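Reader: I would like to learn how to read a model like this one, feature by feature. Could we go through it together?

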Amino acid sequence: KELTAIGWGNLCSSFVCGATGSYIFSQTIFSAKRSVKSRFNGFVVAIGEFLLFGLPVDILKVLPNAYVGGIMCLFGVDIMNDWLFQSRHLMSRSEYTLVW
């Protein structure tokens, strides 16, 4: 369902020359890893994003670059760990070789 919603969002965004992508996808990954089952998590994220959107301050100018870079590295390392190590038992040898 999520990928379908992302696809429709990208399609709608492309009609108004907006940015496409699935930036909240990492939130879903981390929620699943922490076994979050409640929809309340999505509401908290949505409310937080709307508040940040409404603030007259550019949040990226307030946060240090090292913090933002560290968070991005954390996402990357976590996704690489899933794809390169944790998924080994889910694939055949040839598929796993292709991932590497």
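Reader: Let's start with valine 16. Is valine 16 buried or exposed?

Author: The general idea is to look at relative accessible area, where over 50% means exposed and under 20% means buried. In this predicted model, valine 16 has a relative accessible area of 65%, so valine 16 is exposed. Valine 16 sits in the loop between H1 and helix H2 (25-33).

Reader: How many Å separate the C-alpha atoms of valine 16 and leucine 84?

Author: They are separated by 37 Å, with their positions 68 residues apart along the chain. Another pair to look up is asparagine 10 and asparagine 81, which are 71 residues apart in sequence and 27 Å apart in space, C-alpha to C-alpha. Asparagine 10 belongs to helix H1 (residues 2-15), and its relative accessibility of 23% makes asparagine 10 partly exposed.

Reader: Now the cysteines, please. How many disulfides does the count come to?

Author: A disulfide is a covalent bond between the sulfur atoms of two cysteines. Here the count comes to zero disulfides. Take cysteine 17: the closest cysteine sulfur, in cysteine 12, is 13 Å from its own sulfur, too far for a bond. The cut-off for a pair of cysteine sulfur atoms is within 2.5 Å. Cysteine 17 is also exposed, at a relative accessible area of 76%.

Reader: Let me step back to the whole chain. What elements does the protein chain have, and in what order do they run?

Author: There are six helices and zero strands, giving α-α-α-α-α-α from the N terminus on. The radius of gyration is 17 Å, well over the 13 Å that the globule rule gives for 100 residues, so the protein chain is more spread out than a compact globule. The C-alpha trace spans about 50 × 35 × 30 Å along its principal axes.

Reader: What percentage of the 100 residues count as buried?

Author: The buried share is 10%. For the surface, the accessible total is about 8600 Å², and carbon and sulfur atoms hold 70% of that area. As for contacts with a separation of 6 or more, 29% come from residues 24 or more positions apart.

Reader: Which residues does aspartate 78 touch, leaving out those up to four places away in sequence?

Author: Aspartate 78 touches Ile29, Phe30 and Lys33. Aspartate 78 is part of helix H5 and counts as buried, at 16% relative accessibility. The cut-off for that label is under 20%.

Reader: And on the surface, which residues form a nonpolar patch?

Author: The patch is formed by Leu52, Leu55, Val57, Ile59, Leu60, Val62, Leu63, Tyr67, Ile71 and Leu74, with about 870 Å² of accessible area together. Helix H4 (59-62) and helix H5 (65-86) are the elements that give two or more residues to it. Leucine 74, one of the patch residues, lies in helix H5 and is partly exposed, with 48% relative accessibility.

Reader: One last stop, toward the end of the chain. Where does glutamate 95 lie?

Author: Look in helix H6 (residues 93-99) for glutamate 95. Its relative accessibility is 44%, so glutamate 95 counts as partly exposed. Compare its place with leucine 60 from the patch: glutamate 95 and leucine 60 are 35 residues apart along the chain, and their C-alpha atoms are separated by 39 Å.

Terms used. Residues are numbered from 1 along each chain as its sequence is written. This is a predicted model: local features need pLDDT of at least 70, side-chain atom pairs count only at pLDDT 80 or more; totals for chains, interfaces and linings use all residues. Side-chain values use heavy atoms; hydrogens and water are left out. Patches are made of residues with over 30% relative accessible area and no salt bridge: like charges are joined within 9 Å, nonpolar side chains (Val, Leu, Ile, Met, Phe, Trp, Tyr) within 5 Å. Accessible areas come from the Shrake-Rupley method with a 1.4 Å probe; for residues, only the protein chains shown count as cover. A salt bridge is a side-chain nitrogen of Lys or Arg within 4 Å of a carboxyl oxygen of Asp or Glu. Helices (H or I, at least four residues) and strands (E, at least two) are DSSP runs, numbered from the N terminus. Buried means under 20% relative accessible area, exposed over 50%, partly exposed in between (1.4 Å probe, protein chains only). The radius of gyration is taken over C-alpha atoms; the globule rule is 2.2 Å times the number of residues to the power 0.38. Contact means heavy atoms within 4.5 Å.
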